[in-house]
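Me: I'd like to go through this one slowly and ask where the labels come from. Can you walk me through it?

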Amino acid sequence: MRPNIVSEAGLQTRVGQWWDNIPFLTSAVVIVCGVIYLVCLLVGYDSFYEICFLPEALVSHFQVYRIYTSIIFHGSLLHVLFNMLALVPLGSELERIMGSIRLLYMIILLATSNAIFHLIIALVVAHNPFLTDKYLMNECAIGFSGILFSMIVIETSLSGVQSRSVFGLFNVPAKWYAFILLVVFQLLMSNVSLLGHLCGILSGFAYTYGLFNFLIPGPSFYSAIESSSWLASCVRRPKFILCSGGNTSAYIPTFSGQTSPFRGLFSGNIWRNLSSWMPQRETAAQSTQDDVRFPGRGRTLGSGQNTAVNSDSNLQARLLDNSSPNNPSDIAAAGAGQRLSNERRSPVNNVVAATAGGPPLAQMQQGSISYEEQIQKLVSMGFERTQVEVAIAAADGDLNVAVEILMSQQG
């Protein structure tokens with residue numbers, strides 16, 4: 001009996017540690033979806049036709065609530081289990097970068113855009129002058145998988161990897177990863193909503209290309225929510241992640257450039273922006289550009305915890321923006337949020353810099369150091385000049401953050 005007791009205690013401890021490492025919002029979504037399924041199972045509720053996303057009901061009766069009820073209900077135990085197991089790594093990684101409130105806003109935005117894409121495609125198929133089919137108008141779709149496909153596209157774009165592994169069997173180009181999963185799930189599983197998953201992919205690409213940037217509020221919006229009294233009990237929880245220290249304009253610039261694709265649609269670059277949506281063969285010039293856009297190495301889904309830490313640092317560098325906000329209130333709100341966030345972070349140890357062969361970081365930041373001197377400081381520590389320039393630009397001149405980025409790449 002004694003070995004069994006020890007092994008059971010060890011399993012319970014490991015499960016508890018795994019659950020404690022899941023951030024606040026991701027764990028909340030898992031709990032909500034799980035509890036809703038259990039309640040439906042206990043009371044015998046199976047009238048999913050009343051709460052699923054049904055284009056015909058949305059058009060004829062304007063039942064907008066279906067857009068959001070459809071993503072938290074699931075039809076079977078395997079359905080909710082697979083979706084939540086897929087959400088944990090994806091949601092945890094994005095929440096640690098974006099913050100809990102910002103991720104919640106993104107989920108609501110993706111759910112809305114998924115429904116709009118779904119409705120438009122269903123209407124086009126049902127009322128086009130060539131071949132009409134009202135099957136999609138009467139298709140009942142439920143589950144969180146549409147949001148998951150959007151998250152897969154966003155996470156793949158942020159990681160900057162060139163290829164992805166499909167269940168450990170074979171590798172595919174990163175740009176095709178979500179589409180390959182769409183085909184695999186459609187072939188392996190019955191009663192799967194092809195259109196629901198496809199609309200999730202379309203929403204993910206629209207988000208990463210900045211088409212939703214005009215719908216994303218500034219940091220003062222998230223700071224106001226986090227400082228509200230009705231959310232104080234949630235903010236005080238150790239698993240809650242503040243929306244501070246990230247991109248000051250509150251965008252996720254996964255494909256940053258001189259002009260956004262949304263702005264380019266009105267400046268004569270329609271074909272170039274539309275063609276950029278299509279997966280293309282990698283070229284040497286494009287590979288060099290990607291190296292600048294995505295410093296460091298990404299990771300495949302489901303990898304170990306150490307790799308996840310490195311990937312989080314790389315994604316943190318991707319989300320840092322060199323531009324300064326124009327609104328003074330946004331600056332103050334972002335600074336206040338940063339101070340709250342710093343209370344939960346341990347300070348960077350100067351031993352990191354000493355181990356790399358350079359002076360402590362506290363000495364490096366004293367006084368006003370020019371840009372070239374900053375580069376020389378980090379180059380003398382053994383880092384390559386190109387990586388140093390990218391890291392300093394991503395860290396907005398903060399040597400502490402730049403060293404963290406460079407050390408994560410070396411690891």
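**What the labels rest on**

Reply: Sure, let's start with the record: an unreviewed UniProt entry annotates "transmembrane region" over residues 21-45, 65-91, 103-123, 135-154, 166-188 and 194-216. UniProt positions are given in the numbering used here, feature names are shortened, and annotations may be inferred rather than shown by experiment. Keep in mind that this is a predicted model, where local features need pLDDT of at least 70 and side-chain atom pairs count only at pLDDT 80 or more, while totals for chains, interfaces and linings use all residues. Residues are numbered from 1 along each chain as its sequence is written, and side-chain values use heavy atoms, with hydrogens and water left out.

Me: What makes up the protein in terms of helices and strands?

Reply: There are 21 helices and two strands. Both are DSSP runs numbered from the N terminus: helices are H or I with at least four residues, strands are E with at least two. Two of the annotated stretches show how this plays out. Residues 166-188 are 52% helix and 22% strand, with the end C-alpha atoms 13 Å apart. Residues 194-216 are 65% helix and 0% strand, and there the end C-alpha atoms are 28 Å apart.

Me: Why is the link between Cys 52 and Cys 140 called a disulfide?

Reply: The rule asks for a pair of cysteine sulfur atoms within 2.5 Å. The sulfur atoms of Cys 52 and Cys 140 are 1.7 Å apart, and they form a disulfide. A search of the whole structure finds one disulfide. The pair links distant parts of the chain, 88 residues apart: Cys 52 is in the loop between α2 (24-43) and α3 (55-61), and Cys 140 in the loop between α6 (100-127) and α7 (145-159).

Me: Why is the disulfide of Cys 52 and Cys 140 called left-handed?

Reply: Look at the torsion about the S-S bond: it is about -130°, so the disulfide is left-handed.

Me: How do you know whether Cys 52 is buried or exposed?

Reply: Check its relative accessible area. Buried means under 20%, exposed over 50%, and partly exposed in between (1.4 Å probe, protein chains only). Cys 52 has 0%, so it counts as buried. Its partner Cys 140 has 35%, so Cys 140 is partly exposed. Two other cysteines are easy to place as well: Cys 40 is buried at 10%, and Cys 243 is buried at 7%. For the protein as a whole, 43% of the 411 residues count as buried.

Me: What makes Ser 70 buried, and which residues does Ser 70 touch?

Reply: Ser 70 lies in helix α4 (residues 66-72). Its relative accessible area is 5%, so Ser 70 is buried. A contact means heavy atoms within 4.5 Å. Leaving out residues up to four places away in sequence, Ser 70 touches Ile 51, Cys 52, Phe 53, Ala 141, Ile 142 and Gly 143. Notice the disulfide cysteine Cys 52 among them.

Me: How do you know how α2 runs relative to α5?

Reply: Compare their axes, which are lines fitted to C-alpha atoms, for helices over the stretch in contact, with angles running from 0 to 180 degrees between N-to-C directions. α2 and helix α5 (residues 77-98) pack at about 170°, with their axes 8 Å apart. That makes α2 roughly antiparallel to α5. The cut-offs are under 35 degrees for roughly parallel, over 145 for roughly antiparallel, 65 to 115 for roughly perpendicular, and oblique for the rest.

Me: What kinds of residues are in the contact of α2 with α5?

Reply: They divide into 11 nonpolar, three polar and one charged. Nonpolar covers Ala, Val, Leu, Ile, Met, Phe, Trp, Tyr, Cys and Pro; charged covers Asp, Glu, Lys and Arg; the others, Gly among them, are polar. The residues from α2 include Phe 24 and Tyr 37, and those from α5 include Gly 91 and Glu 95.

Me: What makes Ser 203 and Gly 196 buried?

Reply: Ser 203 lies in helix α9 (residues 194-208), and Gly 196 is in α9 too. Ser 203 has 0% relative accessibility, so it counts as buried. Gly 196 has 16%, so it also counts as buried. Not counting residues up to four places away in sequence, Ser 203 touches several residues, including Leu 110 and Phe 117, while Gly 196 touches His 118 and Gly 146.
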